[in-house]
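Hello,

Here is the structure I promised to hand over. Please open it first, then read my notes below.

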Amino acid sequence: MTAPTLDSLRRPGAGETVSDATDSERTARWARQIRELAEKRDAVILAHNYQVPEIQDVAHHVGDSLALSRIASAASHSVIVFCGVHFMAETAKILSPDKTVLIPDAQAGCSLADSLTADELRAWKAQNPGAVVVSYVNTTAEVKALTDICCTSSNAVDVVASIPADTPVLFGPDQFLGAHVRRILGRDNISVWGGECHVHAGINGAQLAAKARENPDADLYIHPECGCATSALYLAGAGAVPADRVKILSTGDMVTAAKRGSSRTVLVATEIGMLHQLRRAAPGVDFRAVNERASCKYMKMITPQKLLSSLEQMRDEVVVDPEVARRARGAVERMIAIGTSGGGGE
Ligand code: 13P
Ligand code: SF4
């Protein structure tokens with residue numbers, strides 16, 4: 001069988017004019033091509049919750065960073081196509097060095113991962129001998145190789161709680177997630193790096209307070225990378241929002257909460273791609289973005305066309321230096337072993 005080409009995605013089918021083929025027909029044809037090619041390549045397609053809806057719908061698994069790492073490590077396929085950002089695909093390669101890991105666009109980076117370099121971490125460690133290094137999974141392979149335990153937003157608290165209470169911890173790179181962990185554990189020996197994700201830092205307390213006032217009965221789902229996470233807890237503490245309505249959740253845990261929740265309206269503070277999985281999980285609930293412009297340009301670099309050419313041409317292949325991967329693997333495996341399952345991943 002010859003592989004479908006990008007042209008065939010753009011061209012109408014036999015006997016069809018361009019105007020005959022509706023968007024949904026073209027999407028359905030593209031989705032069939034993707035699934036056929038994936039089977040031919042022995043590939044499993046993983047998509048993060050921030051991907052565009054078409055990619056979430058065609059993927060074999062959709063989930064948060066932890067759930068996707070776990071699926072990548074257990075996958076029996078010889079090829080993993082990671083629809084997410086580069087550090088996620090790199091994590092899959094670290095866990096499965098013998099598999100071919102593809103990302104449809106290797107330029108899909110992450111501003112948070114860029115906020116802590118290996119040299120900076122090396123210097124920070126040298127100033128704090130004896131401290132345990134916990135790095136968020138949003139880091140490069142080189143940073144992971146200098147890390148004791150990685151974490152994601154869904155298990156950061158459990159990871160730090162697993163470290164003896166009298167041992168100092170260096171937590172990076174996300175300052176808002178670090179503040180969340182400190183707050184929950186009430187530990188004052190956690191030093192937090194000052195990095196941030198530009199998308200989540202841009203969802204601020206003023207926007208959240210205004211939306212909460214307009215929607216007094218709504219639940220609030222807040223990703224801990226958000227600049228407004230502290231404001232949400234302040235609103236709860238000040239009685240402006242009932243404390244049980246404020247939920248600080250990873251993207252996958254938002255899906256789990258949506259399936260169990262009873263509120264008719266939910267305000268969502270994270271990247272807007274998340275709304276697609278939430279609406280699928282609970283179609284009767286009105287999910288509203290706290291900031292409709294919170295879109296990650298890196299996540300959106302993975303387009304339907306690029307996914308098709310990735311499978312056709314087996315690119316972009318993710319390569320991690322074997323020695324760096326070997327040193328990073330322990331930190332990533334410890335992350336996978338700790339905490340709840342990581343939401344999503346169905
Ligand atoms: P999750 O771990 O909640 O999926 O969030 C990761 C993230 O922010 C990717 O940008
Ligand atoms: Fe990185 Fe932020 Fe984009 Fe997530 S949303 S991939 S943390 S830049």
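Domain 2 and domain 3 have C-alpha centres 25 Å apart. Please keep in mind that this is a predicted model. The domain assignment splits the protein chain as follows: domain 1 covers 6-109 + 299-321, domain 2 covers 113-197, and domain 3 covers 203-289. Domain 1 is thus given as two segments, 6-109 and 299-321.

Where do domain 2 and domain 3 touch? Nine residues of domain 2 are in contact with eleven residues of domain 3. On the domain 2 side of this contact, four residues are nonpolar, four are polar and one is charged.

Next, the ligand. Which residues surround ligand 1? They are Asn49, Asp64, Ser65, Thr152, Ser153, Ser154, Glu225, Ser250 and Thr251. Sorted by class, this shell holds seven polar residues and two charged ones. It has no nonpolar residues.

Now an open sheet. It has four strands, in the order S2-S1-S3-S4, and the pairing is parallel. Strand S2 (61-63) and strand S4 (100-102) stand at the edges. Each has a single partner strand, so one side of each is left without a neighbour in the sheet. From one strand to the next, the twist averages 20 degrees.

Look at the S1 and S2 pair in that sheet. Strand S1 takes in residues 43-48 and pairs with S2 in the parallel sense, over three bridges. One pair to find on screen: histidine 48 has glycine 63, in S2, as its bridge partner.

Then go to strand S9, residues 219-222. Are its residues buried or exposed? Asp219 and Tyr221 lie on one side, Leu220 and Ile222 on the other, and all four are buried. Both faces of S9 are therefore covered.

S9 also has strand partners. Strand S11 (residues 265-269) runs parallel to S9, and four bridges join the two. Within that pairing, leucine 220 has leucine 267 of S11 as its bridge partner. Strand S10 (residues 246-248) also runs parallel to S9, joined by three bridges. Here isoleucine 222 is matched with isoleucine 248 of S10 as its bridge partner.

A short route for viewing:
- Begin at the contact between domain 2 and domain 3.
- Move on to the residues around ligand 1, including Asp64 and Glu225.
- Finish at S9, with buried residues on both faces.

Best wishes

Definitions and conventions:
Residues are numbered from 1 along each chain as its sequence is written. Chains are lettered from A and ligands numbered from 1 in the order in which they are written. This is a predicted model: local features need pLDDT of at least 70, side-chain atom pairs count only at pLDDT 80 or more; totals for chains, interfaces and linings use all residues. Two strands pair if DSSP finds at least two bridges between them. Axes are lines fitted to C-alpha atoms, for helices over the stretch in contact, and angles run from 0 to 180 degrees between N-to-C directions. Domain bounds come from an automatic or database domain assignment. Two residues are in contact if their C-beta atoms, placed from the backbone, lie within 7 Å. Ala, Val, Leu, Ile, Met, Phe, Trp, Tyr, Cys and Pro count as nonpolar, Asp, Glu, Lys and Arg as charged, and the others, Gly among them, as polar. A residue is near a molecule or strand if its C-beta atom, placed from the backbone, lies within 6 Å of it. A residue is buried if 20 or more other C-beta atoms lie within 10 Å of its own, exposed if 12 or fewer, and partly exposed in between; C-beta atoms are placed from the backbone.
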